[in-house]
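Colleague: Please take one part of the fold and go through it closely for me, starting from the overall order of elements and then following the neighbours outward. I would like the cut-offs behind each term stated as you go.

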Amino acid sequence: MQSGAIKLTIESRIENVELAGVSISRICREAGLSEQAAFEVEVCVVEAVNNAIKHAYGGNPEKEVEIYLELTPAALTVRVVDTGSPMPAKMFRPRQPQIRAGVDPPASGRGLFIIHSLMDQVSYATEGGRNVLSLTKSLGEPEPCASQKKD
């Protein structure tokens with residue numbers, strides 16, 4: 001497997017999220033990730049980009065979301081970057097969805113739980129007015145998810 005890096009920039013429009021996800025999945029498969037690993041990365045990137053558009057930008061389509069992929073022999077790291085409102089610290093911590101008999105869970109609010117469940121490392125930081133959500137998928141032996149937040 002070769003090393004490399006790529007940057008994708010999309011307008012913050014919900015209709016661009018699917019295109020970003022499909023692009024990420026294809027890049028992952030071309031880089032040698034398994035179909036399952038490529039799908040997991042795609043799901044996480046779609047969740048992260050949706051969150052940036054809906055929550056950081058409040059749905060404003062005039063902004064941009066940047067997606068950086070870095071591939072090394074050991075891991076694939078994806079960074080989703082926006083310049084919107086930062087994520088509150090309490091939101092970043094993974095929360096187990098509340099499941100009760102006879103009550104359907106809400107359709108939203110599960111994205112970060114999914115991201116933490118599928119990726120090996122997840123971190124969030126604000127850097128110079130930019131929100132950076134970093135997602136790492138190990139390409140060797142799986143490691144336990146290491147979650148951290150930096151301000």
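Modeller: Read along the sequence, the pattern is β-α-α-β-β-α-α-β-β-β, which amounts to 4 helices and 6 strands; helices (H or I, at least four residues) and strands (E, at least two) are DSSP runs, numbered from the N terminus. This is a predicted model, in which local features need pLDDT of at least 70 and side-chain atom pairs count only at pLDDT 80 or more, whereas totals for chains, interfaces and linings use all residues. Residues are numbered from 1 along each chain as its sequence is written, and side-chain values use heavy atoms, with hydrogens and water left out.

The part I would examine is strand 5, residues 130–138. Of its 9 residues, 8 are buried, so strand 5 is largely enclosed by the rest of the structure; buried here means under 20% relative accessible area, exposed means over 50%, and partly exposed is what lies in between, with a 1.4 Å probe and protein chains only. As a background value, 37% of the 151 residues of the protein count as buried.

Strand 5 has pairings with strand 3 and with strand 4, where two strands are said to pair if DSSP finds at least two bridges between them. With strand 3 (residues 75–82) it shares 8 bridges, the two running antiparallel, and within this pairing V80 has L133 as its bridge partner. With strand 4 (residues 121–127) it shares 7 bridges, again in the antiparallel sense, and here Q121 stands opposite T136. Strand 4 and strand 5 form a hairpin with 2 residues between them, and G128 in that turn has a positive phi of about 55°.

A75 shows how strand 3 meets this region at the level of one residue. It is found in strand 3 and is buried, with a relative accessible area of 14%. Not counting residues up to four places away in sequence, A75 touches E70, T136, K137, S138 and L139, contact meaning heavy atoms within 4.5 Å. The C-alpha atoms of A75 and S138 are separated by 4.3 Å although the two residues are 63 apart along the chain. For the protein overall, 67% of the contacts with a separation of 6 or more come from residues 24 or more positions apart.

From strand 3 the pairing can be followed to strand 2 (residues 64–71), where 6 of the 8 residues are buried. Strand 2 and strand 3 pair in the antiparallel sense over 6 bridges, with L71 matched to L76, and they form a hairpin with 3 residues between them. Strand 2 is also joined to strand 1 (residues 4–11) by 8 bridges, once more antiparallel, and T9 stands opposite E66 in that pairing. In a regular strand the side chains alternate between the two faces of the sheet.

The helices deserve a look alongside the strands. The 22 residues of helix 2 (residues 35–56) should span 32 Å at 1.5 Å a residue, and its end C-alpha atoms are 30 Å apart, which agrees; the expected span is 1.5 Å times one less than the number of residues. Helix 2 is followed by G58, whose phi is positive, near 60°.

Helix 1 (residues 17–30) packs against helix 2 at an angle of about 150°, with axes 8 Å apart, where axes are lines fitted to C-alpha atoms, for helices over the stretch in contact, and angles run from 0 to 180 degrees between N-to-C directions. The two are therefore roughly antiparallel, since angles under 35 degrees count as roughly parallel, over 145 as roughly antiparallel, 65 to 115 as roughly perpendicular and the rest as oblique. Residues in the contact include S25 and C28 of helix 1, and A38 and E42 of helix 2. S25 is itself buried, with a relative accessible area of 6%, and, leaving aside neighbours within four places in sequence, S25 is in contact with A38 and E42.

Helix 2 and helix 4 (residues 111–118) also pack at an angle of about 150°, with axes 9 Å apart, which makes helix 2 roughly antiparallel to helix 4. Among the residues that make this contact are V43 and E47 of helix 2, with I114 and L118 of helix 4.
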